[in-house]
Amino acid sequence: MNQAADGVPSAPGKGIAVSMTGIFKSFGGVQALDDVSLEIEQGEVHALLGGNGAGKSTILKVLNGIHRPDAGTIKVAGKLLTAHTPEESRAAGIAMNFQEMSLIPTLTVAQNVFLTREIKGGRV
Ligand SMILES: Nc1ncnc2c1ncn2[C@@H]1O[C@H](COP(=O)(O)OP(=O)(O)O)[C@@H](O)[C@H]1O
Ligand SMILES: [Mg+2]
């Protein structure tokens with residue numbers, strides 16, 4: 001692991017996993033996302049904080065291909081997403097656990113993330 005001079009581990013620095021730039025999304029008259037940019041490096045864990053209606057779910061649904069942004073660019077591991085479909089995001093490696101009523105409580109977080117895409121055999 002890289003160590004800064006003060007002994008504190010430095011940022012993962014393995015490259016940009018997710019880059020969202022200038023994202024806009026409105027629902028009718030509601031501007032849910034207004035020029036939102038988000039960059040996540042590989043190995044990083046982030047928390048999005050904000051009040052109800054701040055747009056947290058919307059930005060993640062845009063990343064997941066559920067919502068098509070009105071404007072902006074999304075790259076996953078350097079690859080530009082253009083279709084804005086769940087299939088495209090899934091193929092790029094994006095998975096989403098939803099807040100409400102979409103998890104199977106008897107499964108682990110990892111099992112929920114890989115639901116329907118379980119490794120079924122062979123060598124890994
Ligand atoms: N499918 C939708 N149709 C209409 N308005 C929506 C929809 N999804 C979100 N919104 C609106 O967009 C704004 C952001 O919502 P949301 O992303 O769910 O916020 P958060 O997750 O931060 O609570 C809110 O004003 C919400 O009412
Ligand atoms: Mg939400």
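Here are three short exercises on the strands of this predicted model.

**Exercise 1.** Which strands pair with β1, and over how many bridges?

*Solution.* Let's start by finding β1, which covers residues 16-27. Next, look at β2, residues 30-41: nine bridges link β1 to β2, and the two run antiparallel. Then turn to β3, residues 71-76, which is joined to β1 by five bridges, again in the antiparallel sense. So β1 has pairings with β2 and with β3, given that two strands pair if there are at least two bridges between them.

**Exercise 2.** Find the bridge partners of S26, F24 and V18.

*Solution.* Take the residues one at a time. S26 has its bridge partner in β2, namely Q31. For F24, go to β3, where the partner is A71. V18 also has a partner in β3: V76. Keep V76 in mind for the next exercise.

**Exercise 3.** Which residue of β4 stands opposite V76, and which residues in the two hairpins take a positive phi?

*Solution.* First, locate β4 at residues 79-80; this strand pairs with β3 over two bridges, antiparallel. Within β4, the residue opposite V76 is K79. Now inspect the turns. The hairpin of β3 and β4 has two residues between its strands, and A77 there has a positive phi near 50 degrees. Finally, the hairpin of β1 and β2 has two residues between the strands, with G28 at a positive phi near 60 degrees.

How values were computed. Residues numbered from 1 in each chain as written. Chains lettered and ligands numbered in written order. Predicted model: local features only at pLDDT ≥ 70, side-chain atom pairs only at ≥ 80, totals over all residues. Helix = DSSP H or I, 4+ residues; strand = E, 2+ residues; numbered from the N terminus.
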